[in-house]
2 protein chains.
Amino acid sequence: MQIIADNIQITNPMIAQALNEMNPLPVQDLAKKCEAADADIIDINPGPLTRDGEEKMTFLVEAVQQVCNLPLSLDTSNPSAMAAGLKACRERPIINGFSLETAKIEKILPLATEFECDITGFLLYPNGMVPGNDEERLNLAVQLFEAFNEKRIEPQRLIIDPVLVPLMWEDGSRQAMELLTVIRMLQDLLGFPVKTIVGLSNLTSGKGPKEKKLLLEEVYLSMLASAGLDMVLMNIFNKKTVSAAKACDSITRQGTFSWEEVP
Amino acid sequence: MQIIADNIQITNPMIAQALNEMNPLPVQDLAKKCEAADADIIDINPGPLTRDGEEKMTFLVEAVQQVCNLPLSLDTSNPSAMAAGLKACRERPIINGFSLETAKIEKILPLATEFECDITGFLLYPNGMVPGNDEERLNLAVQLFEAFNEKRIEPQRLIIDPVLVPLMWEDGSRQAMELLTVIRMLQDLLGFPVKTIVGLSNLTSGKGPKEKKLLLEEVYLSMLASAGLDMVLMNIFNKKTVSAAKACDSITRQGTFSWEEVP
């Protein structure tokens with residue numbers, strides 16, 4: 001499983017300030033820490049970037065690339081900022097991402113062809129509503145796949161995010177379990193080994209004791225791993241969750257088990 | 001998921017000595033510790049009991065029952081010792097267990113009817129060989145079920161143990177993953193919600209660093225939980241594994257999530 005660090009995001013006040021001042025140092029410091037903490041990919045999420053989007057996304061991509069060789073995942077709903085960021089990437093990045101919302105189908109999705117990138121597709125309704133059960137999710141997956149076909153994008157570029165909802169929601173546990181079914185069924189449904197990603201922090205978003213949140217993250221990530229999850233977007237500084245991901249790899253990976261691979 | 005403590009076993013030298021001297025105190029001390037550590041059931045495994053089997057099994061059951069109210073699981077291949085132990089139980093115990101071995105089908109399995117107990121059935125060949133893949137395991141499950149039918153035992157008494165093999169075996173990781181498939185498929189295969197159990201210590205038996213073993217136990221138990229495992233036989237003093245089991249319950253359980261249920 002590949003681990004994508006979600007740490008460089010606008011909700012971090014330090015990153016918001018650095019972006020405001022166009023000061024690369026705090027961003028670079030964080031990027032170096034993400035790499036040291038064993039991230040495989042770094043997600044850059046500056047939010048919707050309503051002003052100076054192109055300039056700001058380019059600044060962030062360049063800042064990170066100056067200190068770190070990891071591939072990037074770019075996360076903004078602003079299409080021109082996304083395009084500028086993609087253009088600035090040295091390694092092939094991931095576009096994070098699109099959904100059935102018309103603006104995203106028309107403006108974000110075509111960037112996957114233009115820049116030859118993989119792109120995350122969220123199982124959300126066009127109005128942004130979260131599906132209520134596994135049947136609805138599988139239905140949305142088929143629609144994402146059809147949008148890919150219409151735009152003549154190679155299906156192998158699709159990474160599906162089934163959209164984890166918080167356990168604290170009224171039906172959160174049920175949805176968490178159904179998500180595992182969705183991940184297991186996608187390959188049969190779409191007829192090829194479609195890649196999957198989950199944003200793990202959603203599981204415990206809201207109030208709750210930190211230690212309990214970490215334990216839940218760890219056990220649920222193990223469940224996701226056994227369902228065949230390919231990528232997880234998470235706080236890379238949650239060391240125990242990173243260790244759990246690597247321990248899962250040593251079991252789910254084909255081939256001979258090795259103690260060396262267990263952290 | 002119910003947790004069955006596997007701590008009272010003859011491979012523990014303290015238990016071997018206590019059984020030899022018929023001294024209840026060390027057994028009782030351990031039983032109390034298992035209960036305090038949050039076991040749901042206590043397994044008593046005195047080995048094959050080649051001498052004074054009936055007397056010894058009765059002694060162990062009575063010793064534990066004097067200090068602890070938890071239900072028991074009795075684990076011996078000696079049928080008369082098993083019968084004596086079952087007779088001494090105040091609460092309905094689990095018989096642990098039988099396989100397709102003729103002696104077990106003829107001598108152990110009928111005790112499930114006589115004592116109205118649930119009984120663990122191991123997915124092993126009659127000669128004790130471990131099956132090599134999920135297809136072989138599902139085949140053996142059908143044969144256990146047929147043995148149940150022949151002896152006219154209610155199928156709800158069957159608890160299937162798919163027999164976990166060590167990760168260190170050449171194909172250990174593959175078998176660990178296939179076990180999850182077997183657990184998920186049993187209900188459809190046999191046509192009723194058959195209960196399942198796994199002996200977790202098998203996963204990491206053999207040499208290896210303790211901390212890594214515990215992490216592997218924890219993540220693999222989470223995978224088992226998501227596959228629908230009903231019971232786990234484990235070292236109840238592995239606190240983090242117990243916590244992981246309870247955190248899994250808070251996700252896999254139907255109903256509203258509650259922080260109270262997360263340890």
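Which residue in β2(B) is the bridge partner of Ile8(B)? Keep that one in mind; the tour gets to it in chain B.

**Before you click**

This is a predicted model, so expect some filters: local features need pLDDT of at least 70, side-chain atom pairs count only at pLDDT 80 or more, and totals for chains, interfaces and linings use all residues. Residues are numbered from 1 along each chain as its sequence is written, while chains are lettered from A and ligands numbered from 1 in the order in which they are written.

**Stop 1: the sheet in chain B**

Select residues 2-9 and 41-45 of chain B. These are strands β1 and β2, which run parallel and are joined by 4 bridges. (Helices here are DSSP runs of H or I with at least four residues, strands are E runs of at least two, and both are numbered from the N terminus; two strands pair if DSSP finds at least two bridges between them.) Now for the opening puzzle: Ile8(B) has Ile44(B) as its bridge partner.

Add residues 72-74 of chain B, and you have β3(B), parallel to β2(B) and held to it by 3 bridges. Look for Asp43(B), with Ser73(B) of β3(B) opposite. Then show residues 53-67 as well: that is helix α3(B), which makes a right-handed β-α-β unit together with β2(B) and β3(B). Right-handed means that, with the strands pointing away from you, the path from the first strand over the helix to the second runs clockwise.

On the loop between β2 and α3 of chain B, pick Leu49(B). Its phi is positive, about 50°, although it is not a glycine. For context, most residues other than glycine have a negative phi, and most peptide bonds are trans. Leu49(B) is buried, because 22 other C-beta atoms lie within 10 Å. (Buried takes 20 or more other C-beta atoms within 10 Å of the residue's own, exposed 12 or fewer, partly exposed anything in between, with C-beta atoms placed from the backbone.)

**Stop 2: α3 in chain A**

Jump to Glu55(A), in helix α3 (residues 53-67) of chain A. This residue counts as partly exposed, with 13 C-beta neighbours inside 10 Å. Draw a C-alpha to C-alpha distance from Glu55(A) to Ala81(A): they are 7.5 Å apart in space and 26 residues apart in sequence.

**Stop 3: the cis peptides**

Select Asn96(A) and Gly97(A), joined by a cis peptide bond with omega about 5°. Gly97(A) sits in strand β4 (residues 94-98) of chain A. Over in chain B, Asn96(B) and Gly97(B) are joined by a cis peptide bond too, with omega about 0°; Gly97(B) lies in β4 of chain B, residues 94-98.

**Stop 4: helix α7, chain A**

Show residues 134-150 of chain A. At 1.5 Å a residue, the 17 residues of α7(A) should span 24 Å, and the end C-alpha atoms are 24 Å apart, so the two agree. (The expected span is 1.5 Å times one less than the number of residues.)

Which residues of α7(A) are buried? Color Arg137(A), Leu140(A), Ala141(A), Leu144(A), Phe145(A) and Phe148(A). They cover an arc of only 145° around the axis, which puts them on the same side of α7(A); the arc is that of the directions from the helix axis to the C-beta atoms. Among what covers them are β5 (118-122), β6 (158-161) and α8 (172-190) of chain A. Spin to the face turned away from that buried side for the exposed Glu135(A), Val142(A), Glu146(A), Asn149(A) and Glu150(A).

**Stop 5: just past α7, chain B**

Pick Arg152(B), in the loop between α7 (134-150) and β6 (158-161) of chain B. Here phi is positive, about 55°, although Arg152(B) is not a glycine. Buried or exposed? With 7 C-beta neighbours inside 10 Å, Arg152(B) counts as exposed.

**Stop 6: where the chains meet**

Zoom out to both chains. A rotation of 180° with 0.0 Å of shift along its axis superposes chain A on chain B, RMSD 0.0 Å. That is the relation of a two-fold axis. (The superposition is by least squares on the C-alpha atoms of residues with pLDDT of at least 70 in both copies.) Select Met223(A), the residue of chain A that comes closest to the rotation axis, at 2.4 Å for its C-alpha.

Last selection: 31 residues of chain A are in contact with 31 residues of chain B, where contact means C-beta atoms, placed from the backbone, within 7 Å. On the chain A side, α8, α9 (210-227) and α10 (239-252) each give two or more residues, and α9(A) gives the most, with 8 residues.

Definitions and conventions. Contact = placed C-beta atoms within 7 Å.
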